[in-house]
Amino acid sequence: MGPMLVLLGVLLVVAGFAVGLNPLLVVLASALATGLAAGLSPLEVLAAFGKAFNENRYVSAAWLILPVIGVLERSGLQEAARGLIGRLKSVTFARLMLAYLLFRQATAALGLTSIAGQTQTIRPIIAPMAEAARAAETGVAEVAPAEVQRVRAFAAGTDNIGLFFGEDIFLAIGSILLMVGFLEQNGITVEPLHLSVWAIPTAIAAFLVHGARILMFGRRGRRP
Amino acid sequence: MIGLTQVYALAGLVFAGFAVMSLRDAANPRRRRNALFWGLFALSFLAGDRLGDLGNGVLVLVMALTAALGLGRSGTGTDDAGARAASARAHGLRLFLPALLVPVIVLAGSLGVRHGGAAAAVLVDPKQATLVSLSLAALVVAALSVRLFRQPVLSPLTEGLRLADTVGWMALLPQMLAALGAVFALAGVGAVVGETVTRVFPMDTRLAAVAVYCLGMAGFTVLMGNAFAAFPVMTAGVALPILVKVYGGDPAAICAIGMLSGFCGTLLTPLAANFNLAPAALLDLDDRYAVIRAQAPTAFVLLIVNTVLMHVLAFPAHP
């Protein structure tokens with residue numbers, strides 16, 4: 001058994017998320033179990049967790065964008081985004097999502113991962129546009145609540161997929177540097193360019209696969 | 001030099017503003033709890049380096065327990081759909097200008113520091129150029145929007161808090177998961193999972209070994225929440241000794257496609273909360289896992305595609 005005991009924390013996370021306990025408490029319990037299994041005292045676990053929490057503050061610094069998005073929403077940005085799509089009859093849900101997927105992949109491939117995102121682009125602009133496009137093409141004034149949820153989740157997923165399968169084409173992104181460093185430690189010298197060109201086939205596949213799903217999503221319930 | 005210290009100070013002030021706004025928010029029955037949550041967030045950003053490891057541990061413990069008791073939603077922002085529609089009609093396409101200015105400033109800032117030579121490197125920490133530019137953009141564009149669209153001076157805080165309370169306790173989860181990853185690393189969880197994978201699965205053909213590596217990268221990423229944590233373990237355990245040494249594969253192609261297989265796992269796991277769970281909260285979705293469900297078909301197909309691509313492309317000497 002011995003070393004396998006440290007997997008208890010992983011099991012706790014899986015079980016806790018699966019049954020829908022509050023994730024914050026699940027994370028605390030998992031950290032405690034993992035630390036105890038590794039031979040730390042409860043206070044040592046708390047200190048190790050606190051140290052790591054403090055070192056990872058940049059993760060939450062991303063919320064700095066909330067005030068400006070809030071002001072723009074109060075000024076009517078979501079309504080303006082909906083209105084724009086209402087006037088541009090040729091912009092369907094599928095065309096909007098395909099264009100956004102391509103934009104996100106292409107800009108991420110140039111290293112511009114921070115120029116769009118869930119908070120700054122999807123919530124205030126793309127999701128309202130997608131809802132308006134669905135309303136127009138299915139011939140309703142307002143999209144039904146269940147469909148609104150599906151459209152928003154799909155738009156959020158499209159942002160992640162565009163980002164993940166674009167960024168590795170850029171030479172200086174974190175994951176490429178991690179691979180170069182790791183291989184170097186193992187006595188293998190690889191140019192960043194050689195790693196990034198091998199991201200291109202998957203990037204193309206991602207556009208084709210997700211693009212096909214976008215077209216299928218857009219075709220549901222369309223007016224004849 | 002402007003770096004993380006200044007960004008954290010700004011974030012701390014914004015969170016402190018959220019705490020004060022929460023406290024004054026008569027419409028929120030849990031205003032004290034919300035104020036405590038955002039106040040502790042502010043304390044972490046303003047004074048985290050002076051609290052000590054145990055102090056930070058107590059801080060995050062109290063934050064998590066406060067949030068788990070349940071936070072309220074603020075009534076500070078405007079819910080006036082009529083006013084928003086009127087503003088949208090009055091300002092029209094001009095509303096998009098500030099929204100576009102944010103990426104322009106981020107772009108100019110990060111490129112300027114990257115290519116600006118020594119002078120720019122003295123002004124801004126090159127390693128934090130993107131985060132510094134994003135913070136600057138957030139500050140400048142918020143001020144500009146208040147002026148341009150004649151909004152109340154405090155609206156960045158009241159409207160920011162409205163969005164922050166939409167996200168709620170989920171705002172804390174990504175950073176806590178990052179800290180959990182550090183505890184996993186400390187306890188050597190990765191190595192144990194890696195050993196188990198390589199011992200349990202047979203790798204007596206090239207295709208089997210490729211499949212174990214690609215599916216293992218994805219599965220490991222699902223469990224750890226992060227492809228970066230899975231990569232060293234799976235690559236040292238499967239890719240280098242078997243795919244490269246035994247089957248003569250190209251390490252660059254194997255690692256690159258292996259990492260992208262890990263990204264398929266990132267699309268599937270609630271542990272990648274900043275990508276998968278926080279957007280669901282931000283978009284007001286009823287199902288916490290709605291974004292993961294939307295991504296899953298693409299992720300599974302791409303995982304198979306990656307396995308095939310690696311099998312076909314990464315072994316030029318033995319087709």
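1. A helpful yardstick to begin with: a residue is called exposed if 12 or fewer other C-beta atoms lie within 10 Å of its own, buried if there are 20 or more, and partly exposed in between. Please also keep in mind that this is a predicted model.

2. Let's try the yardstick on Arg150(B). Within 10 Å of this residue there are 11 other C-beta atoms, so Arg150(B) is exposed. To find Arg150(B), look in the loop of chain B that runs between α7 (129–148) and α8. The backbone deserves a glance too: Arg150(B) is not a glycine, yet its phi is positive, at about 50°. For background, a negative phi is what most residues other than glycine have.

3. Asp284(B) makes a good companion to that point. This residue, also not a glycine, has a positive phi of about 60°. Asp284(B) sits in the chain B loop between α15 (278–282) and α16 (290–313). Is Asp284(B) buried, partly exposed or exposed? Its 13 C-beta neighbours inside 10 Å put Asp284(B) in the partly exposed class.

4. Now to chain A as a whole. Chain A contains 12 helices and zero strands, and following the sequence gives the pattern α-α-α-α-α-α-α-α-α-α-α-α. Its C-alpha atoms occupy a box of roughly 65 × 45 × 35 Å along the principal axes. The radius of gyration of chain A is 22 Å, whereas a compact globule of 224 residues would have one near 17 Å.

5. How is the inside of chain A put together? Of its 224 residues, 56% are buried. If you take the contacts in chain A between residues at least 6 apart in sequence, 71% of them link residues at least 24 apart.

6. Leu101(A) gives a close-up of chain A. You will find Leu101(A) in helix α7 of chain A, which covers residues 93–109. Leu101(A) counts as buried because it has 21 C-beta neighbours inside 10 Å. Setting aside residues up to four places away in sequence, Leu101(A) touches Thr158(A), Gly162(A), Phe207(A), His210(A), Gly211(A) and Ile214(A). Gly111(A) lies 10 residues from Leu101(A) along the chain, and their C-alpha atoms are 15 Å apart.

7. Next, see how the chains meet. In this interface, 96 residues of chain A are in contact with 116 residues of chain B. The chain B side that touches chain A consists of 86 nonpolar, 24 polar and six charged residues.

8. One helix pair across the two chains is worth zooming in on. Helix α5 of chain A (residues 66–74) and helix α8 of chain B (residues 155–167) have axes that come within 7 Å and cross at roughly 100°. Angles of 65 to 115 degrees count as roughly perpendicular, so α5(A) is roughly perpendicular to α8(B). By class, this contact of α5(A) with α8(B) involves nine nonpolar, three polar and four charged residues. Among those from α5(A) are Leu66(A), Pro67(A), Glu73(A) and Arg74(A), while α8(B) contributes residues including Ser155(B), Glu159(B), Arg162(B) and Leu163(B).

9. Finally, have a look at the nonpolar core. The largest one has 189 residues. Which residues have the most contacts inside it? They are Phe49(A), Ala130(A), Met176(B), Val183(B), Tyr213(B) and Ala256(B). To follow one of these, Tyr213(B) is in contact with Met234(B), Val238(B), Ala239(B), Leu243(B) and Gly258(B), leaving aside its neighbours within four places in sequence.

Key:
Residues numbered from 1 in each chain as written. Chains lettered and ligands numbered in written order. Predicted model: local features only at pLDDT ≥ 70, side-chain atom pairs only at ≥ 80, totals over all residues. Helix = DSSP H or I, 4+ residues; strand = E, 2+ residues; numbered from the N terminus. Contact = placed C-beta atoms within 7 Å. Core = buried A, V, L, I, M, F, W, Y, C linked by C-beta atoms within 7 Å. Rg over C-alpha atoms; globule rule 2.2 N^0.38 Å. Nonpolar A, V, L, I, M, F, W, Y, C, P; charged D, E, K, R; others polar. Axes fitted to C-alpha atoms, helices over the stretch in contact; angles between N-to-C directions. Parallel < 35°, antiparallel > 145°, perpendicular 65-115°, else oblique.
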